[in-house]
Structures are given as structure tokens and as C-alpha cells.
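User: Hi! I am new to reading protein structures. Could you take me through this one and explain the words as we go?

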Amino acid sequence: EDKWILSKLNRVIPEVTENMEKFELGVAAQKVYDFIWDDYCDWYIELTKSRLQGEDAEAKVRAQQVLCYVLTDILKLLHPFMPFLTEEIWQALPHEGDYLMLQSWPEHHVELDFPQEEKAMELIMEAIGAVRTRRSDRRLGESAAPLTGGARGAVRTRRSEMNVPPSRKARLTVATLEQEVFTAGIPFLKRLAYGSEVTITGMSGAQESDKGMVTVLTHAARISMPMAELVDLEKEKARMEKELGKSRAELEKLQTKLGNPGFVNKAPANVVQAERERAEKLATLIAGLEEQLSSMA
């Protein structure tokens, strides 16, 4: 996680610098904002909490050092936009020199490029985003009921779809070709994806029966959780059957509409296309609900 955030910072610095030199100030500000919000606050601070609150003094200091290093460069990147606030915060951090405004502009450092670790961390983040309960729109750290790197809050995740409370943990089985990456990520999956236990298997494990399991997919993994550990099966089955019936009725109406030559020939092309896309999404939703209900039978 340390190499991931340093590598992400190292990539955003030259991008923001180029935008500033071209006077693309809005673009530069948005990139700094996205890095602070999505990468530093939303993920990295959460990823370091176990070390900051743990008993390993050396690991705690390393986390603090990286947090401070990245925050210092963030303040430098923000300084042209928010000079007074950034100066005030910088004065409260360990620093050399009298003023932030006199410090050197951040630079790209080749030795801080970690593409492999960056990719590996984002595979774990994608899995966490697919499993966990949606909390507000983006922030992982809020106690109220994101994603994904990726998985942002607009995506309804499996736990949130099933109204599973964040405090309820379940065993996770991760079938993947990236076993080494996900094994290293077990502590994050336990804490941020609410795993009571995490088992990493090869993709052959995905061929086993999914009866009684809730499964989510990312492009690198298939993650299964025992449904009985998450919800009241009868209540969840009733909810899904109700949703299935409603979706089927809606799709039937839509298909009747799309089968009417008067509508297809007279309505604007973009309206017809939008209705067709709606029908495709409903069909996909219905197929998913039917599959889930079948696994619960």
C-alpha cells in the first residue's frame, strides 16, 4: 500500500505540472482533488489504520512517514489554489525552511515508480469495493451505511443490495489466478471487506457448487460468501422474488412497446435506443435474480 500511494503520487505530479504550465488550471485542480479524495483519503488512510493502531512500532513509524511525505507534496500541489490554508497546515508538519511558498515544486522520481505494486493493490481494492457495503458516496472510513478504484459509491455492491449490516462478517473464498497478490491482501480483505476468514484458491475452486453462496466477480477474482452468514434466507428470498416479479412485468411492458411499429417508427431514434438499452439491462437483472434464487433453492 505504501508503494501504491507513492507510485500514484509520482504519476500525478508530472500531469498536474504539465496542466499548470499550459494554464489548464481547472484540469490541474481536478486532478489534485481526485488524488486527495479518492486515493489518499478514501483508500490510503484506511489502509494504514491497522498499522497506526497496531503494536508494531516500526510499521507505525513507516506509515506515519509515508502519510506525511505524501501530504507534504499534496500541500505543494494545492498551494497555488489554496495558499493560506496549505501554508497553515504545512507549518504544523515536520518541515525544513520558513515557508511553504518558498519550497521547490514537487518532481517526478523514477525510483518511486512501482507499477507492479500499484496494479496488485488495485486488484485488492477492486475486490473490496465489489464485496463491501456501500458507505455514503465514496468514503470508506465513514460509519454510515464506495469503489471501486475503482468501485465507486454509485455501484450497488452485493452486500448493500442484500441490506447486510457492516458489522456482520462472513467467510470469503477468493478464486483467482493472482493467488500471490490476494494472499498478500488478506489483511485488507478481512478488515475492509468484512471477512471473518479469507481463503485463496486457484480458479479451479470456482467450479465448485455455488449452492447457498453469494458470489461477486471482478476481472481478476471470483469471491464467494455463505449466504446464511449474511442474511435471513427466507426474507431475502421473498425480497428477491418480489423484485423479480416487478422486473419481469416491467420488461414485458417494454417489449410490447418495442414490438409496436408505431412507436419504433415514429419515436426519435435516441428514445428508441434508450428503451432498448433499458430492456437489455432488465433482462440481465432478471437473469441474475433467477440465478441467485436457484442457488437458494
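User: What makes the ends of α2 only 35 Å apart a short span?

Analyst: Happy to help, and please keep in mind that this is a predicted model. Helix α2 has 28 residues, and a straight helix would reach 40 Å at 1.5 Å a residue. The end C-alpha atoms of α2 are only 35 Å apart, short of that value.

User: Where does α2 bend, and by how much?

Analyst: The bend is at tyrosine 40, and α2 turns there by about 35 degrees.

User: Why is α1 called roughly antiparallel to α2?

Analyst: Helix α1 (residues 2-21) and helix α2 (residues 25-52) pack at an angle of about 170 degrees, and their axes are 10 Å apart. Angles over 145 degrees count as roughly antiparallel, so α1 is given that name relative to α2.

User: Which residues meet there, and of what classes are they?

Analyst: Among them, Trp4, Ile5 and Leu9 are in α1, while Phe35, Tyr40 and Trp43 are in α2. By class, this contact has 15 nonpolar, one polar and six charged residues.

User: How do you know that β1 and β4 pair?

Analyst: Two strands pair if there are at least two bridges between them. Strands β1 (residues 170-176) and β4 (residues 221-226) have four bridges, in the antiparallel sense. For threonine 173, the bridge partner in β4 is serine 224.

User: What makes β2 and β3 edge strands?

Analyst: The open sheet has four strands in the order β2-β1-β4-β3, with mixed pairing. Strands β2 (195-201) and β3 (213-217) each pair on one side only. Helix α5 (residues 115-131) lies across β1, β3 and β4.

Note on methods
Residues are numbered from 1 along each chain as its sequence is written. This is a predicted model: local features need pLDDT of at least 70, side-chain atom pairs count only at pLDDT 80 or more; totals for chains, interfaces and linings use all residues. Side-chain values use heavy atoms; hydrogens and water are left out. Helices (H or I, at least four residues) and strands (E, at least two) are DSSP runs, numbered from the N terminus. Contact means heavy atoms within 4.5 Å. Axes are lines fitted to C-alpha atoms, for helices over the stretch in contact, and angles run from 0 to 180 degrees between N-to-C directions. Angles under 35 degrees count as roughly parallel, over 145 as roughly antiparallel, 65 to 115 as roughly perpendicular and the rest as oblique. Ala, Val, Leu, Ile, Met, Phe, Trp, Tyr, Cys and Pro count as nonpolar, Asp, Glu, Lys and Arg as charged, and the others, Gly among them, as polar. The expected span of a helix is 1.5 Å times one less than its number of residues. The bend at a residue is the angle between axes fitted to the seven residues ending there and the seven starting there.
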